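Reader: I have the sequence and the model open. Can you take me through it, starting with charged pairs?

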Amino acid sequence: MISGERTIAMGFMVASLLLLATAAVSAADGPAVMITDYKVEPEALMPGDTGTITVTIQNMDTQSSETETTTTTTTSYTSSTTTTSTVNAEIESIRLSSRNRDIGWLQEGFQCSEYYNVGALGPGESITIAIPIKAAAYTRDGTYFPEVCIEVDNGDNVRFPIPVKVESSSVEILEKDVPSEISLSESKEITMVVANNRPNSVSGVKVHVKAKTEELEFTPECIFIGNLAPYEKRDVNFSLTPLSPGNKDISFEVEYKNGVNSHRNALESAIFVRSNADVRLILVDAPKSVLKGEIAKIDFDVANGMPKDVKAVSVVPMSNGEGKVRILPSEYFIGDMEAGDVFSASFDVDTRDLSAGENRIAFKLTFRDIDSDRIYETEGYEVNIEVKEPQKDVLPAMSFFALPAILLSVVAVVWVRVKHRRKIVA
């Protein structure tokens, strides 16, 4: 009886051992995840700007492991196998949490506001995650601390505050050397200052200048600066050339990027363009009237009233309203003139081709700007000359009316002489 029971028990045990295996698992505490580094770009956001928080997440636990033991028993022996493996950090999600809506996760379209099923980090392994952020348009200047929240499936969750700075100061463009007025006959260099008032660097800085009408010419129209360091200033120069007189409005605009965000800032200015030329003709002498066929001599002074030298100065006669007039010389070339110089220019006008009466003879002044080499031309300076016909037909007319008087005078003279001789003879 005992022998039979033993046989049955042994058979049952063998069958059980052949069909079943017992597994024992022992594990240490879950892995420890930390944020080991972070970076905010741009360093300071402007209200309404977008940016990026880049965090480095690392599994700091290098010792957590799990051990699995498998035991197998047969009729003849019992064996066990032990397997030890490291524990990975299973990151379930990463999101951004903020007490207010000043700094939040940037959502574009149907993009989610957190990352799901990021993956597993082995002991000592790390991963870099970029979180898109945006500062609300109404955000005030200051430093905000949105929290990066990491949910770990098999470990402790992490909440890490990231300092994000918001600064509304901008890049400005200011006048440094801009004249309030300029002569129509000169080019002027103007200087502007581009100032980065921000605590972080900006990139892609460009300065544009334009007039509200096409009556001012700028060279160049745009200057590229590039990067500006925090609180850095830079001078930019433009050459200004007026094309017509009067008040002219000018617009300056600086364009720059704060991170990936484009910004602009403008400055309105004005300049008055004087119509009178600073290099000008001054009439010295001209006859009020001449007889037709005579030579009329006209004398000018050419004065350089500009604060700088000019070159290639010439006085050129222009035709009057009735056609070409013979004037010598055809061009009076003076050449270079220093500031304050005065030179003379004389012309002889042949009046044979002029009609009787008032005649207007125009002269223009041309010169080159010594800085820009641009040619300037003043408006025509008119000289009025009255041309009179010679007195050819005046004498016959006078003889016809005066003949009787002349004859009477002759008769009287003869009568007086005859009478005088008679007295002598007597």
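Author: The side chains of Glu41 and Lys39 form a salt bridge, with N to O at 3.3 Å. The term means a side-chain nitrogen of Lys or Arg within 4 Å of a carboxyl oxygen of Asp or Glu. This is a predicted model, in which local features need pLDDT of at least 70 and side-chain atom pairs count only at pLDDT 80 or more, while totals for chains, interfaces and linings use all residues. Residues are numbered from 1 along each chain as its sequence is written, and side-chain values use heavy atoms, with hydrogens and water left out.

Reader: Is Glu41 buried or exposed?

Author: Glu41 is partly exposed, with a relative accessible area of 41%. Buried means under 20% relative accessible area, exposed means over 50%, and partly exposed is in between (1.4 Å probe, protein chains only).

Reader: How many salt bridges does the structure hold?

Author: It holds 15 salt bridges. One of the pairs is Glu181 with Arg274, where the closest N and O atoms are 2.8 Å apart. Glu181 lies in strand E16 (residues 181–183) and Arg274 in strand E23 (residues 261–274), so the pair ties together parts 93 residues apart in sequence. Strands here are DSSP runs of E, at least two residues, numbered from the N terminus.

Reader: And how accessible are Glu181 and Arg274?

Author: Glu181 is partly exposed at 39% relative accessibility, whereas Arg274 is buried at 19%.

Reader: Which residues are linked in a network of salt bridges?

Author: Glu253, Glu255 and Arg264.

Reader: What about Arg198, does something of opposite charge sit by it, and how far away is the nearest?

Author: Arg198 is buried yet has no salt bridge, and the nearest side chain of opposite charge, Glu167, is 5.5 Å away. For charge, Lys and Arg count as positive and Asp and Glu as negative; His and the chain ends are not counted. Arg198 is in the loop between E17 and strand E18 (202–211). Its side chain does make a polar contact of 3.1 Å with that of Asn200. Here that is a pair of N or O atoms within 3.5 Å, one able to donate a hydrogen and the other to accept it; residues adjacent in sequence count only if both atoms are side-chain atoms.

Reader: Changing topic: what does E17 pair with?

Author: Strand E17 (residues 188–196) pairs with strand E21 (residues 233–242) in the antiparallel sense over 8 bridges. Pairing requires at least two bridges found by DSSP between two strands. Within this pair, Ile190 has Phe238 in E21 as its bridge partner.

Notes. Helix = DSSP H or I, 4+ residues; strand = E, 2+ residues; numbered from the N terminus.
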